[in-house]
Amino acid sequence: MANNAKLKKQGSEEIVISMNGVNKWFGSFHVLRDINLNVHKGERIIICGPSGSGKSTVIRCLNALEHHQGGDINILGVTLDNNVHNVETVRRDVGMVFQQFNLFPHLSILENCILAPTWVKKMPRAEAVDLAMSLLERVKIPEQAHKYPGQLSGGQQQRVAIARALCMQPEIMLFDEPTSALDPEMIKEVLDVMVGLAETGMTMICVTHEMGFARKVADRVIFMDEGQIIEQNEPEAFFSKPKSDRTKLFLSQVLSH
Amino acid sequence: MKTDHSTAYVRQEDAPLLPPPRNETGIIGWFNQNILSLINDFSGIGAAIRSVLMAVGTLAILYYSAHILWALIDFAIIEAVWSDPDELKRVVCTTEIAGGIQHNGWHGACWPLATAKMKFLIYGAYPAEELWRVNITGLVLIIGLVCLMFDRMPYRMHIGISMLTIFPVFAYIMLVGLGDWIGLPYVDTRDWGGVLVTLVVALTGIIASLPLGVVLALGRQSNMPAVRYLCTGFIEFWRGIPLITVLFMASVALPLFLPTGVTIDNLLRALIGVTLFASAYMAEVIRGGLQAIDKGQYEAADALGLGYWKSMRLIILPQALTYVIPGIVNTFIGLFKDTTLVAIIGLFDLLGAAQAAINDAGWSSPVQAITLYLLVATFYFICCFVMSRYSMRLERKLDRSNR
């Protein structure tokens, strides 16, 4: 703990994400129960919790991959509702990285990266290529630009997925268990990229089970269970002095091995 | 070095990399694995019986395959009559006992018949002085298709788009005509026939049914109930009735519903019927491809802000269509052969023209029908086989995920 170089605490006063009394049901199953969350610009938030606790659903609501049924979600001043225009505005500014990478297998790495900038933001192709190459450089795989996703390892694919999301120059990045589908020896290369991204001051919300990563980069750790936010705190306090019994039980399970 | 597996062990030198055993590679290996291994197992009574049956079966299949192949070569080439210099017509292709010049017991193809009927088989009753129009259209089509087959062809994209947009208009003007004033007098479609009709019906159906099928498949998956029900209803309607019924309805029943004086060309009616029929099948093939796409692809496209039409066009359809190339080409091949059904509403497609030629008393002989059917079958086989091979090439080319 002591030898983990802790990043400087970030987060300005400006609120970029606010969730007020958000509720959601899958059929009759109440999957999100009264979620209230404000995220400041530049803040890095880790969401953890047992499987089925609704943590993925929370971040999928933030770019309207799932639609909430009660309460309000406001992203960068835009309220997410049934208005398609609002949804598309939010999605331009919110990047997302998935557990299964979800690269487009019929396009090369470079084409994966420049697709959205050229088609959604109408960026000139040459400019998009330059941007994509600089971001591929940042995730340390510029030499793979002309290969196809199927030719890359899982860790490389996930780094491409991060670069692809960054190519839209988003204000906020969402990570949905980005290392859960990776072989153990590839987790580090992806986490290193994410730490690097955190250092740039990007607003990040990350669902993960990587507690070491949480300690290192998080400004705030949120623990969810049964669709509710049970506890949230700064990582130091969260890991050393959890208050709720459910948090203690969860931490004892994930930290014991 | 002595190896003891029960205790700790460290390998000192790498085990050598060896070539595979000789009897598992090459022709000998193939024979061993595929033939010999099936017939030389005598380890028990059951295995022995199986081996013997397998050996007998293999020999029988070889014998009959060779027999059929030989009969075909014998009929079509060795015994066949190739020329009719004296214009004897039926006499040159009949045996002496039936009043001809061939020895009794002769049985071979009558190719002079095919030569004599060739023009009719290709153009039908298209006016002789206007045949150049069909030839030029066909030539442009062939040049265009050949250009599209080469990946490195310059302006390939432009050629492809022109073939789908300008060429149909060009073909219409050339084949139907604009009028005497420009030197392209109208040719009534009732005079069209043979390969011309077959290709017009098949190509129109193929080119029009693919985009229609895409639209119907997307519509069937739409979130909007009205669109979904409409598309589902359309697909189920056309899939639920036989093509012959469609053609009969178009040819016989449709005029009853039209106001007097309004007529729609018989060929056009067949074209519309065939196209709508094929597009329903196409839609279901493409829907299969859409369902094979991982949900994550839709989500990734959404998360990047692509929107419905862009994500369909750039992400979903390219993958879905690649998955179902075999199904799409299967539908094309089926459609190509189904065009023979237009003969029953009085259009003389290739098969219809061949039927008419078979009824020509001037060439009446026992081999008249077989010769022409053999010719027609060869034409269909070549066309379908080319499509099939091209689809396999396309599949390999587009299969990037497995490279």
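The questions and answers below cover two sheets of chain A, then a surface patch and some helix residues of chain B.

This is a predicted model, in which local features need pLDDT of at least 70, side-chain atom pairs count only at pLDDT 80 or more, and totals for chains, interfaces and linings use all residues. Residues are numbered from 1 along each chain as its sequence is written, chains are lettered from A and ligands numbered from 1 in the order written, and side-chain values use heavy atoms, leaving out hydrogens and water.

Reader: Which strands stand at the edges of the six-stranded open sheet of chain A?
Author: Strands are DSSP runs of E, at least two residues, and helices are runs of H or I, at least four, numbered from the N terminus. Two strands pair if DSSP finds at least two bridges between them. The sheet has mixed pairing and the order S6-S7-S8-S3-S9-S10. An edge strand has a single partner, so one side is left without a neighbour in the sheet; here these are S6 and S10 (228-233) of chain A.

Reader: What stands opposite Met96(A) in S7(A)?
Author: S6(A) and S7 (residues 172-176) of chain A run parallel, joined by four bridges. In S6 (residues 94-97), Val94(A) and Met96(A) point one way, Gly95(A) and Val97(A) the other, and all are buried. Buried means under 20% relative accessible area, exposed over 50%, partly exposed in between (1.4 Å probe, protein chains only). The residue opposite Met96(A) is Leu174(A).

Reader: At about what angle does helix H5 of chain A run to S6(A)?
Author: Axes are lines fitted to C-alpha atoms, for helices over the stretch in contact, and angles run from 0 to 180 degrees between N-to-C directions. Contact means heavy atoms within 4.5 Å. H5 (residues 154-166) lies across S6 and S7 of chain A, and its angle to S6(A) is about 170 degrees.

Reader: In the four-stranded sheet of chain A, which residue of S5(A) is the bridge partner of Asn74(A)?
Author: That open sheet has the order S2-S1-S4-S5, with antiparallel pairing. Its edge strands are S2 (29-40) and S5 (78-79) of chain A, each pairing on one side only. S4 (residues 70-75) and S5(A) pair over two bridges. The partner of Asn74(A) is Thr79(A).

Reader: Which helix gives the most to the nonpolar patch of chain B?
Author: Patch residues have over 30% relative accessible area and no salt bridge; like charges are joined within 9 Å, nonpolar side chains (Val, Leu, Ile, Met, Phe, Trp, Tyr) within 5 Å. A salt bridge is a side-chain nitrogen of Lys or Arg within 4 Å of a carboxyl oxygen of Asp or Glu. This patch includes Phe381(B) and Ile142(B), and has about 770 Å² of accessible area together, by the Shrake-Rupley method with a 1.4 Å probe, where for residues only the protein chains shown count as cover. With four residues, the top contributor is H14(B).

Reader: Is Phe381(B) buried or exposed?
Author: Phe381(B) lies in helix H14 of chain B. Because its relative accessibility is 53%, Phe381(B) counts as exposed.

Reader: Is Thr275(B) buried or exposed?
Author: Thr275(B) sits in helix H9 (residues 266-292) of chain B. Beyond four places in sequence, it touches Thr204(B), Gly205(B), Ala208(B), Ser209(B) and Leu212(B). At 8% relative accessibility, Thr275(B) counts as buried.

Reader: What is the relative accessible area of Ala357(B)?
Author: Ala357(B) lies in helix H13 (residues 350-358) of chain B. Leaving aside neighbours within four places in sequence, it contacts Lys117(B), Gln368(B) and Leu372(B). Ala357(B) is buried, and the value is 1%.
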